[in-house]
Each structure stands twice: as structure tokens, then as C-alpha cells.
Amino acid sequence: MIDAYGRTVDYLRLSVTDLCSYRCQYCMPAEGVRKLRREDILSVEECVEIAQAAARCGVTKVRITGGEPLVRRGILDICRGIAAIPEVRELCLTTNGALLPELAAPLREAGVQRLNISLDTLRPERFRAMTRGGELNQALDGIAAAERAGFSDLKLNTVLIGGFNDDELEDFLALTMEHPWELRFIELMPMGPCAHWDRGCFLPCRTVLERFPALEPIEARGVALRYRLPAAKGTVGLISPLSHTFCSQCRRIRVTSDGKLKGCLHSQEEIPLRGLHGQALEETIRRGILSKPQEHHLTERSSDTPRNMNQIGG
């Protein structure tokens with residue numbers, strides 16, 4: 001479906017929970033989040049029904065997000081239901097990896113085709129501090145489990161934070177020499193807990209290119225500009241929502257775990273979907289696509305959304 005600004009919208013990011021096994025400092029408050037009542041969260045059936053309606057509106061790619069989607073009861077049923085939708089050609093999932101040792105193979109069997117795994121540091125003590133209690137070996141074991149389960153084209157998502165992990169760039173790039181992974185550096189966005197952090201935390205992705213001029217450009221993929229070190233098995237992706245706004249290329253809509261459609265991660269506008277079925281649900285999703293804003297305003301101010309990232313879906 002074409003939105004009001006000529007963009008083809010064919011990508012749904014569906015959050016299935018706002019809960020997470022970690023409390024990353026840039027994503028969630030230190031005390032965690034208030035647990036919603038079970039009835040306030042989309043049911044398995046509602047998740048699949050929304051994906052079906054979105055597919056009738058032209059969506060061909062669905063990404064399951066959270067919070068941490070693998071803590072969601074019924075996650076495999078959600079994945080099976082969406083994978084069975086004929087129009088959905090690509091089903092992906094973003095995770096912190098901690099539960100992949102148990103769930104990687106079942107996710108593969110349920111129809112998930114691609115995984116993105118969050119990895120913001122390669123130093124155990126930093127990992128523990130950033131996640132407020134997580135262990136680096138959990139994420140690394142999860143990556144290994146994903147590979148054993150047959151997931152290829154793994155993407156590792158690293159939020160680039162000045163003064164926290166920018167001294168690890170060489171270590172991250174070294175991973176691409178030995179593994180066929182894509183290391184994706186994502187600019188920190190001023191929203192939620194980090195909205196008022198020191199400006200030095202918000203590094204542009206060009207920092208990676210400036211420090212490592214040996215990176216050679218290759219074909220882009222979606223919103224990621226991609227590069228490769230000579231003789232590397234893997235690649236490097238740069239996602240720059242601040243310094244290189246890609247709103248003109250945005251093909252996404254989002255649905256939160258409590259059933260609100262958002263045309264933009266940073267918009268205040270949310271369209272309720274719960275309680276709608278059939279043609280009414282489809283027409284509301286179409287309305288949401290047509291009302292998708294032209295761009296965000298992060299270069300002028302913090303995000304307009306009142307939600308934290310875990311409440312929207314990363």
C-alpha cells in the first residue's frame with residue numbers, strides 16, 4: 001500500500017510484550033515497568049488477526065518485537081500463525097538472545113526465518129551494568145544456539161553510545177572477520193530514559209567510518225548502509241536515524257503490545273485496533289498507513305512519543 005507521501009508500506013513490526021528479562025539503561029527505567037494485566041495485552045489470536053489484516057493491506061514482512069518477545073507466553077503459536085499467512089514472505093524476530101538456547105530450534109520450526117540479536121558490548125562487566133543484571137555469556141550462547149538451529153544471515157544490533165561502547169568498535173569489527181554476521185551500529189535516539197543524557201552519548205554512525213577507513217561500501221539493505229572489511233566473512237551495517245534521516249524511505253508501521261497502531265516510532269499518534277475485526281480492522285490499518293507522518297523531528301527535539309522503547313517495540 002502507498003502512503004500519503006508515496007512510500008510503499010509493506011513492513012509490520014508487531015510487539016507481543018512490553019516485558020523484558022533485562023532493563024537496559026537507554027530503554028527502561030531502573031525500577032522496570034508496571035506489568036500490564038493479561039487482558040490488556042494482545043492475545044495470540046489478536047496478534048495473528050492483526051498480521052492477517054496488515055497482509056491484506058500489502059504487508060509482506062513481519063518482525064516480532066518486545067520488550068523481549070521470547071518471554072511472551074504463546075510466542076511459538078504467534079510465530080506459527082503469522083508464518084502461515086500466504087502474503088507474509090518474511091518473518092523475523094528481534095531478541096536479546098538470553099532464551100535462544102532453549103527456543104532457537106523451536107522458533108525455526110515455527111517459521112521464523114531471520115533473527116536480530118541485541119549486543120551492545122563485548123565486555124561482561126559493561127553488559128551487566130547496561131542491562132542491569134544480564135550476563136554476556138547468555139547472549140553469546142544465544143548466538144551460538146541460533147547458528148546451530150540453522151539461522152543464517154544473523155544480525156547483531158549494537159546501539160552506539162559515546163563513552164560506553166565506542167572504544168569497542170575494533171572488537172566488534174573483528175567479529176566480522178571470523179563470522180558471517182552483520183554487525184549493525186544504530187544511533188542512540190533521544191527518547192525514554194536517555195532523552196536527556198549528555199549530548200556526547202549521541203554519536204553519529206559516521207564515527208565508525210572515520211575510525212576505520214578500510215571499510216568498503218557494499219549494497220545497502222533497507223535503511224542500513226552496509227560495508228565490509230577486506231577479506232571479512234561478515235558485514236557492517238550503519239543505521240542513522242539522527243544524522244542521516246531515512247524517513248523518506250520508511251516502509252514500516254508498528255503495533256504495540258496493547259494493540260495501538262503507530263505510523264512512526266516517534267509520533268504521539270496511536271490508533272486503537274483491539275476489538276476490531278474483518279473489514280473494520282483492515283480499514284483502520286489502511287487509515288493508519290495513510291496517516292503515517294512524513295518525518296520525525298529528532299534533530300530539533302526529543303521524541304514526541306510518551307512511551308519508552310520497550311513499550312513500542314525496538
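Tutor: Start with a cut-off. A residue is buried when its relative accessible area is under 20%, exposed when it is over 50%, and partly exposed in between. Keep in mind that this is a predicted model.

Student: Fine. Let me begin with the aromatic rings. How many aromatic pairs does a search of the whole structure find?

Tutor: Two. A ring pair is described by two things: the distance of the centres and the angle of the planes. Take Y22 and F127. Their ring centres are 5.7 Å apart and the planes stand at 90°, so the pair is edge-to-face. Planes over 60 degrees apart earn that label.

Student: Which parts of the chain does this pair link?

Tutor: Distant ones. Y22 sits in the loop between β1 (11–15) and α1 (44–56), while F127 belongs to helix α4 (residues 124–131). They are 105 residues apart.

Student: Is Y22 buried or exposed? And F127?

Tutor: Y22 has a relative accessible area of 5%, so it is buried. F127 comes out at 4%, and it is buried too.

Student: What about the pair of F172 and F185: what are its distance and angle?

Tutor: F172 and F185 are 5.9 Å centre to centre, with 90° between the planes, and again the pair is edge-to-face. This pair also links distant parts of the chain: F172 lies in helix α6 (residues 169–178) and F185 in strand β6 (residues 182–187), 13 residues apart.

Student: Are F172 and F185 buried or exposed?

Tutor: Apply the cut-off. F172 has 0% relative accessibility, so it counts as buried. F185, at 1%, is buried as well.

Student: Rings can face charges too. Where does the charged end of K61 sit?

Tutor: Over the ring of Y11, 4.4 Å from the ring centre. R199 offers another case. Its charged end sits over the ring of F202, 4.5 Å from the centre.

Student: On to open space. How much space lies in the second largest pocket?

Tutor: About 420 Å³. It is lined by 15 residues, and the closest to its centre are K35, R38, I41, R72 and R73. Sort the lining by class and you get six nonpolar, two polar and seven charged residues.

Student: I41 is in that list. Which residue in helix α1 is in contact with it?

Tutor: E46. This residue lies in helix α1. Setting aside neighbours within four places in sequence, E46 is in contact with I41 and R274.

Student: E46 carries a charge. Is it buried or exposed?

Tutor: Its relative accessible area is 18%, so E46 is buried. Recall that the limit is 20%.

Student: Now closed space. How many cavities of 30 Å³ or more are there?

Tutor: One. The largest cavity has a volume of about 50 Å³. Its lining includes L261, K262, G263, S267 and E269. Also there are I271, G288, S291, K292 and P293. By class, that lining has three nonpolar, four polar and three charged residues.

Student: And the backbone? What should I expect before I look for oddities?

Tutor: Most residues other than glycine have a negative phi, and most peptide bonds are trans. Now the exceptions. A cis peptide bond joins G66 and G67, with omega at about 10°. G67 lies in the loop between β2 (61–65) and α2 (75–83).

Student: What is the phi of R132, and where is this residue found?

Tutor: R132 is not a glycine, yet its phi is positive, about 55°. You will find it in the loop between α4 and α5 (136–148). At a relative accessible area of 28%, R132 is partly exposed.

Student: And what is the phi of A231?

Tutor: Positive, about 70°, and again the residue is not a glycine. A231 is in the loop between β8 (224–228) and β9 (235–239). Its relative accessibility is 77%, so A231 counts as exposed.

Student: Last one: G142. Where is it, and what does it touch?

Tutor: G142 is in helix α5. It has a relative accessible area of 0%, so it is buried. Not counting residues up to four places away in sequence, G142 touches G97, L100 and P101.

Student: How far is the C-alpha atom of G142 from that of I253?

Tutor: The two are separated by 28 Å, and the residues lie 111 apart along the chain.

Methods. Residues are numbered from 1 along each chain as its sequence is written. This is a predicted model: local features need pLDDT of at least 70, side-chain atom pairs count only at pLDDT 80 or more; totals for chains, interfaces and linings use all residues. Side-chain values use heavy atoms; hydrogens and water are left out. Rings of Phe, Tyr and Trp (its six-membered ring) pair if their centres lie within 6.5 Å; planes under 30 degrees apart count as stacked, over 60 as edge-to-face and the rest as tilted. Helices (H or I, at least four residues) and strands (E, at least two) are DSSP runs, numbered from the N terminus. Buried means under 20% relative accessible area, exposed over 50%, partly exposed in between (1.4 Å probe, protein chains only). A charge sits over a ring if NZ of Lys or CZ of Arg is within 6 Å of the ring centre and within 35 degrees of the ring normal. On a 1 Å grid over the protein atoms alone, a cavity is a set of points where a 1.4 Å probe fits but cannot get out, and a pocket is an open set with protein on both sides within 12 Å along at least five of seven lines; lining residues have an atom within 4 Å of a point. Grid points are joined across faces, edges and corners, and a volume is the space filled by probe spheres set on the points. Ala, Val, Leu, Ile, Met, Phe, Trp, Tyr, Cys and Pro count as nonpolar, Asp, Glu, Lys and Arg as charged, and the others, Gly among them, as polar. Contact means heavy atoms within 4.5 Å.
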